Amino acid sequence: MRAGAENLLRATTNNKVREQVLLELSFVNSDLQILKEELEGLNISVEVYQNTEETFSIPLVPLGLKETKEVDFTLPLKDFILEHYSEDSSEYEDEIADLMDLRQACRTPSRDEAGIEMLMSYFLQLGYVETRFFPPTRHMGVLFTWYDSFTGVPVCQQNLLLEKASILFNIGALYTQIGTRCNRQTQAGLENAVDAFQRAAGILSYLKETFTHTPSYDMSPAMLNVLVKMMLAQAQECVFEQIGLPGIRNEFFTLVKMTQEVAKVGEVYMLVNTAMNQEPVKENIPYSWSKLAQIKSDHYKALAHYFIATILCDHELQSGDDEDQQEKAFSQLYDYMPEGLKVLTVLKDKVQRKQLGKAHLRKAIVCHEEALRVCGLCKKLRNIDVLQEVLTAAHKRSLLKYAQQETEDDFLSLIQAPDIIPKTEHKIETITPQFSKVKVKDFFHRLGPLTVFSAKQRWTAPRTIRIHQEAEELGFSLKGGSPVQIYCLDPACSAASMGLKEGDYIVSVGGVDCKWLGVNEVLEKLKSVGEQPIEMEVISCQDTTSSMHSKSATYSVGMQKTYSLICLAMEEDKTDQTKKAPLKLPFLSWGTKNRQKAASTLCLPSAVAGSSQIKKKLSPFTLLNTESSLY
């Protein structure tokens, strides 16, 4: 409707018609904006897939699965089997049904390793299907429709690459949902969360590198780059939580280590937030995601300043302490010291230590207040109780620590807390997907070896050759693997007179399929009949046309929310000297006008009952003393 109204607006010169069309378009645009906001609430909420156990942790961000319409492979595949492979397509109905059942199951996978394995199985199965049934020179008539996970805009193509890329995206999304559902109050749960986010980053990185011109915006290189950064940041956050889970001892060297670890978390979230606010990602990245990244950056930066303030306020250099080791460890926290201060002097001088410690506490309080302010600006985030509780507890703890220090000389203190150098002993990297670990059997195994019986190869229909052994000789030799080929054919033998050719492939002997048999097995069948004639079926390879250039899709930055598939031209074989015009394939373009169609198909599993109810939790932010835990 919107497309028609826009066309009418461009075509008409009648002012009354233009006013009416503009009014209708304003209503349509308003409805689309409401739909987008509702979709964002359903599909990209940070609360949907969180762990249901009592927790005191900042929520992690999961990705929603891409939705799709049903696809019927039956008629296109049966027609292709009959036409291309010259086989009775009715004998492959079970295999086609298995493929369709697997695809249907992949629309609603379980949120666990079984769901991951099923999606990977379908992705690998698509590799077999693409090789067997999707020739590079023409479309198969199978229409794939997938919806953008952020905008709901549908992308519809007859290109199997869209199907494969979307399944990869969903594998990555499923890993993120598994990661967010892990129990972050246990070491095993945190280890699983780190692993899940690293694998999600690996899948999304593989998608970015393998499918470089995807037509859906959620799979564009710019968006995938941001998502990979976000998953690695969440893995780094879980690593910090894992280190601090047993409790952080109020001890000099422990606090130095934790200061740099938590500063690293703040740094990676700062980079994520910066990436989220760059074009062309900025317009479509969920507002709650970018704000949560900013909140985490400020929160973990504040924790780093709090930890270093605790070192300065609670740990005076004693006569029995290792002076050199403490100086070396503390100097690694800064690029530079404030003017007039030296590391060893600060560690020894109580006044300087107190002044620098209070400067770090002031910086921590400012960062905590900024995190709370940003949280209050986002409606979705300020309604997450556990997030508010974590930020408020950390803020109060820094205020209490500052209040415990002497305040009479505050007006004389001009020291600014220097930036802290982030460092981690636990490097987080993407985990490359290992598809080889998933064992998949080709559904259409009976068609023959994939290297020979593929959509790229063209074959003659099977010919029946009646063989009579002549003086225990067949009149030809066999070579190759499966299937075997005719080799060294004697032109005078009876088989040659019946139409057998050099290079023919034997597909059956005596009614028994031989596509998967080797030379010795086929020879044994041919010679086992004795003097009785035997029938065998053979096929001949035909010349294939030049393959078409790979299809690609381009996202136009200048036309926001518009996605176009550009199928590159195919050049015919230049067997003659005349140059033919390239055959241009049609392309499909989907824009914002299609969003309304996506509304009826988008669905996500609801959160587990009772998960939204947050009970009173034990806070890890306990008051500091020399015996207690810090975090």
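These questions and answers concern a predicted model.

Colleague: What pLDDT does the chain average, and over which residues is the pLDDT below 50?
Modeller: Of the residues, 77% score at least 70, and the chain averages a pLDDT of 80. One stretch has 181 contacts in the model beyond near neighbours in sequence, yet its pLDDT is below 50. That stretch is residues 545-631.

Colleague: How many disulfides are there, and how far is the sulfur of Cys182 from the closest cysteine sulfur?
Modeller: A disulfide needs two cysteine sulfur atoms within 2.5 Å. For Cys182 the closest cysteine sulfur is in Cys238, and the gap is too far for a bond. The count of disulfides comes to zero. The distance from Cys182 to that sulfur is 7.9 Å.

Colleague: Is Cys182 buried or exposed?
Modeller: Buried means under 20% relative accessible area. Cys182 has a relative accessible area of 11%, so Cys182 is buried.

Colleague: Where is Gln352 found, and what is it in contact with, leaving aside neighbours within four places in sequence?
Modeller: Gln352 is found in helix H13, residues 350-377. With a relative accessible area of 19%, Gln352 is buried. Its contacts, apart from neighbours within four places in sequence, are Leu341, Thr345 and Val346.

Colleague: Which residue in E2 stands opposite Phe144?
Modeller: Phe144 and Trp146 lie on one side of strand E1 (residues 144-147), Thr145 and Tyr147 on the other, and all are buried. Four bridges join E1 to strand E2 (residues 154-157), and the two run antiparallel. They form a hairpin with six residues between them. Opposite Phe144 in E2 stands Gln157.

Terms used:
Residues are numbered from 1 along each chain as its sequence is written. This is a predicted model: local features need pLDDT of at least 70, side-chain atom pairs count only at pLDDT 80 or more; totals for chains, interfaces and linings use all residues. Side-chain values use heavy atoms; hydrogens and water are left out. pLDDT is the predictor's confidence in each residue, from 0 to 100. Contact means heavy atoms within 4.5 Å. Buried means under 20% relative accessible area, exposed over 50%, partly exposed in between (1.4 Å probe, protein chains only). Two strands pair if DSSP finds at least two bridges between them.
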